[in-house]
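Please open the model in your viewer and keep the sequence panel beside it, since this tour moves from one selection to the next. At each stop, make the selection first and then read what is there.

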Amino acid sequence: MSVFILAVGIGLIFFYVAAQKTIDSSSQERMKTNVARQSEHLRTILNIHYLYLEGIAEKIAESNELMNEENKEVLTVFQKNTSLDRLALIDPEGNAYYDNGVEKNVSHRRYFKEGISGNRTLSDPLESSVDQETRVVLGVPVFHEDEVIGILCGSCNVGELSQMLFDDLFSGNGYSLIVTKEGKIVAHTGEPVDHKFSYGEDIFTFYNSKTTREGHSISEVKQNFAMGEDGLVRLSGYADGSDRYLAYAPLGINDWMICYVASVTVAQQSYAFVEKYEMVFLGCFGILVCLLILYIIRKNRQKTEAILHSAQTDELTQVYSRKYAEQFAENALEEAKDGSIHAFFIMDIDKFKEVNDVYGHAVGDVVLRTFGVLLGRRFRGDDIVGRIGGDEFIILMRNVTTKEAVRTKAEQLMAETKKLVFDEMDGKGITISVGIALAPEHGKTYMNLYRSADQALYETKRNGRNGFTIYGENRDITENR
């Protein structure tokens, strides 16, 4: 028995070490995956901005004179109805007229030279003299009878765009950077408590002062940047004694890289329950030796079931967790029979941040939990319902009959959501914004469908939220707006 107990003790130690390695590996993979996802998301948003600008450029090109009063009015109207900060119309000599009436010459700018040659263009970051925010300028040529007669430009805060997904995943704990392949900062946002970054700063100069872990090096990071490859490095040497993950991925724009830095503790927070159970288990082993065998058999069975359930299920909403929702959806699409139609929904709760800010995160959890129950009740057992971060949910409706059936389902979901009321919110309710893509019409893989549905969701939000949009169609308007 003593030999057996010793063997069990050694086994538990090995188990603890292996579990810690698994947690570390899983958290690193999660960081890398989400940085890559945000890179794709940011490219999609910028492409949508380009499409808006090109649509306006076509309208402007209809008139005989570029800088007439009608075109200037078009700038003002469209700026108020888009998320772009400023719009400007530039003539072939580089004279720019802005939607706020400001005029100046930008012929020396690189984006002007690229745009006047007939290409889409994206500027280097420019710091505003008004609010000191770093913005980039997107530009598209204005064609008239195949001749470039000017450029239409719009500016946006690329730093704010780079932070959106990470705010949902890590509740703002951490910071994002967009840098050149040489390591020069293009934009930064978040709260870097260890260092105040500034535009143009070389991040490698700062990170060279840190100690790399697990066989990685800053030289390796530099090489990955130069080659446009993604990666992750664990850094130590911070004043508070904690370690940080630095995850990075190519943005696919101007040879830029997108980075996210978060403490290891924050990145591994979702796995903290594993360590808690391990410590309890080891403590019980030392105290209850005589009951060890029965305890191990019983606890292992419970632990296996709990880990399996926790791994597959989001603890708060009781729908699939992000990893398994994506995995099961991908498997379902791969196994789909020819001729079958599937509907992919992506949705989030409108102005959910205000719920947390006004009523507190505990009430926000109540809203998420209630909405998760609604989704589980409204969809069939073989449909895949998952929460992929924050207030963002996905659904794969398998084997739908027609597009109209999908539309009806979306309308029912909108109606059921409006019926929800929360005593914790003084009897108020919630609304949701939904984007929908169809397989195989809009994509055959999870990522393709996600991309299409995400663009449809963006269209819903752009038009005021509280509704749904099927990819490629005009936005559907729900009742009682």
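A crossing of two helices is called left-handed if the near helix is turned anticlockwise from the far one by less than a right angle, and right-handed if it is turned clockwise. Keep that wording in mind for the first stop, and remember throughout that this is a predicted model.

**Two helices that cross**

Select helix 12 (361-378) together with helix 13 (residues 403-419), and you will find two helices that pack at an angle of about 145 degrees, with their axes 11 Å apart. Their crossing is right-handed. To see where the two meet, show the side chains of Phe371, Leu374, Leu375, Arg377 and Arg378 on helix 12, and those of Lys409, Gln412, Leu413, Glu416 and Thr417 on helix 13, which together make the contact.

**The whole chain**

Now zoom out and colour by secondary structure, so that the 14 helices and 19 strands of the chain can be seen. Of its 481 residues, 49% count as buried, and the accessible surface of the chain comes to about 23800 Å², with 51% of that area belonging to carbon and sulfur atoms. If you look at contacts between residues at least 6 apart in sequence, 56% of them join residues that are at least 24 apart.

**Helix 11 and its two sides**

Next, select helix 11 (residues 352-359), whose buried residues are Phe352, Val355 and Asn356. Why are these three on the same side of helix 11? They cover an arc of only 95 degrees around the axis, and this puts them on the same side of the helix. A general rule is useful here: an α-helix has 3.6 residues a turn, so residues three or four places apart point the same way. Turn the view to the other side of helix 11, where Lys353, Asp357 and Val358 are exposed. What covers the buried residues of the helix includes strand 14 (341-349) and helix 12.

Both ends of this helix deserve a look at the backbone. Lys351, in the loop between strand 14 and helix 11, has a positive phi of about 50 degrees although it is not a glycine. Just after helix 11, Gly360 takes a positive phi of about 100 degrees.

**A covered strand**

Move on to strand 11 (residues 231-236), where 6 of the 6 residues are buried. Gly231, Val233 and Leu235 point one way from the strand, while Leu232, Arg234 and Ser236 point the other way, and all of them are buried. Add strand 10 (residues 211-212), which runs antiparallel to strand 11 and is joined to it by 2 bridges; here Thr212 has Leu235 as its bridge partner. Then add strand 12 (residues 244-250), also antiparallel to strand 11 and joined to it by 5 bridges, with Leu246 as the bridge partner of Val233.

**Two hairpins in a row**

Select strand 1 (residues 86-90) and strand 2 (residues 95-98), which run antiparallel and are joined by 3 bridges; among the pairs, Ile90 has Ala96 as its bridge partner. The hairpin of these strands has 4 residues between them, and in it Gly94 takes a positive phi near 90 degrees. Extend the selection to strand 3 (residues 103-105), which runs antiparallel to strand 2 and is joined to it by 3 bridges, with Asn95 opposite Asn105. Strand 2 and strand 3 also form a hairpin with 4 residues between them, and Gly101 in its turn has a positive phi of about 95 degrees.

From here, select Phe78, which has its place in helix 2 (residues 69-80). Phe78 is partly exposed, with a relative accessible area of 32%. Leaving aside neighbours within four places in sequence, Phe78 is in contact with Ile56 and Leu87.

**Two backbone details**

Most residues other than glycine have a negative phi, and most peptide bonds are trans. With that in mind, select Glu145 in the loop between strand 6 (134-144) and strand 7 (147-156), where phi is near 55 degrees, a positive value in a residue other than glycine. Is Glu145 buried or exposed? At 71% relative accessibility, Glu145 counts as exposed.

Finally, select Pro440 in the loop between strand 17 (432-439) and helix 14 (446-462). The peptide bond from Ala439 to Pro440 is cis, with omega near 5 degrees.

Technical notes
Residues numbered from 1 in each chain as written. Predicted model: local features only at pLDDT ≥ 70, side-chain atom pairs only at ≥ 80, totals over all residues. Heavy atoms only, no water. Buried < 20%, exposed > 50% of the residue type's maximum accessible area, 1.4 Å probe, protein only. Contact = heavy atoms within 4.5 Å. Areas by Shrake-Rupley, 256 points an atom, 1.4 Å probe, with all protein chains shown as cover. Pairing = 2+ DSSP bridges. Arc of directions from axis to C-beta. Axes fitted to C-alpha atoms, helices over the stretch in contact; angles between N-to-C directions.
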